[in-house]
Amino acid sequence: MMKKTKKSLLGFVLLLFLICDLLHHQIYKTPLYISVFSMIQQEKYYIHIDLDDHILYLFHEGKVEKKYPVSSGRQDTPSPIGTWKIISKSNWGEGFGGSWMGLNVPWGKYGIHGTNEPWSIGRSMSHGCIRMYNADAKELRKIVPAGTKVTIVKGPYGPFGNHFRTLKPGDRGSDIFAVQKRLKDLGYYNGYPDGIYGDGMKYAVHRFQKDHHLYIQNDITPSMYEAMGFLPFE
């Protein structure tokens, strides 16, 4: 019975990847989740975190081995959407439940760890990290090696989560990171995508707005998202 449940769960997750990929490919003629699907099949261990359901899926050789309930970031301190990798593992005390696995997110210190607030699990209550029950975090840290890939997803807007927020100088996050990469691909941004809206990005934003006959301003609004080609399922 357990094997049938795991197979059904794996089938549902992979079907979701393929549906999202199909919709994205129809719009942009390029794959989105198929790369994640391929990585899951190729990697010995792979972690997939769904922030809508607050579930962490541990894949082992392409199959769901474990699933754990988690807590994610609040709206004002969101978790880093995207694909990362574990770059550190250590024993952390205090509020981290004795276990820490750091991620290579460029705009801040994020990780997967335990918590002294177990009531937060299953809710969006962290400062952006992925919280787990202490026993679960300890178990996961023992299983996966450093270098394990971690994909974090939420909502239909890809790196933007559930909506396109208005971006301002000083903002940080997955959406800033995605806009920087798009502006770089379009030849406007010359810096290193780091998920931080600084002066270099501001200059690129103004140049893009001018060339596309948009109102020149620091804020990145829906009209600029549209002009850059961002849509749901991006």
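How many of the 6 residues of strand β2 are buried? In this predicted model, strand β2, which spans residues 55-60, is mostly covered, with 5 of its 6 residues buried.

Strand β2 has a pairing partner on either side of it in the sequence. With strand β1, formed by residues 45-50, β2 pairs in the antiparallel sense, and 6 bridges are found between the two; within this pairing, His 48 is placed opposite Tyr 57 of β2. With strand β3, formed by residues 63-73, β2 also runs antiparallel, and these two strands are joined by 6 bridges, with Leu 56 standing opposite Tyr 68 of β3. As a general point about such elements, the side chains of a regular strand alternate between the two faces of the sheet.

Both pairings take the form of hairpins. The hairpin of β1 and β2 leaves 4 residues between the strands, and in its turn His 54 has a positive phi of about 55°. The hairpin of β2 and β3 leaves 2 residues between the strands, and here the turn contains Glu 61, which has a positive phi of about 50°.

His 54 can be set beside a second histidine, His 213. The phi of His 54 is near 55°, a positive value in a residue other than glycine, and for His 213 phi is likewise positive and near 55°. His 54 is located in the loop between β1 and β2, whereas His 213 is found in the loop between α5 (199-211) and α6 (222-228). The surroundings of each residue can be read from its relative accessible area: His 54 has a value of 10% and is therefore buried, the cut-off being under 20%, while His 213 has a value of 74% and is therefore exposed, the cut-off being over 50%.

Helix α4 comprises 12 residues, 174-185, and the distance from its first C-alpha to its last is 17 Å, close to the 16 Å expected at 1.5 Å a residue. Because 9 of its 12 residues are buried, α4 is largely enclosed by the rest of the structure. Among the buried residues of α4 are Ile 176, Phe 177, Val 179 and Leu 183, and also Asp 175, Gln 180 and Arg 182. The elements that cover the buried residues of this helix include β4 (82-90), α5 and α6; α5 and α6 are also the two helices on either side of the loop that holds His 213. After α4 comes Gly 187, whose phi is positive and near 90°.

Definitions and conventions: Residues are numbered from 1 along each chain as its sequence is written. This is a predicted model: local features need pLDDT of at least 70, side-chain atom pairs count only at pLDDT 80 or more; totals for chains, interfaces and linings use all residues. Side-chain values use heavy atoms; hydrogens and water are left out. Buried means under 20% relative accessible area, exposed over 50%, partly exposed in between (1.4 Å probe, protein chains only). Two strands pair if DSSP finds at least two bridges between them. The expected span of a helix is 1.5 Å times one less than its number of residues. Contact means heavy atoms within 4.5 Å.
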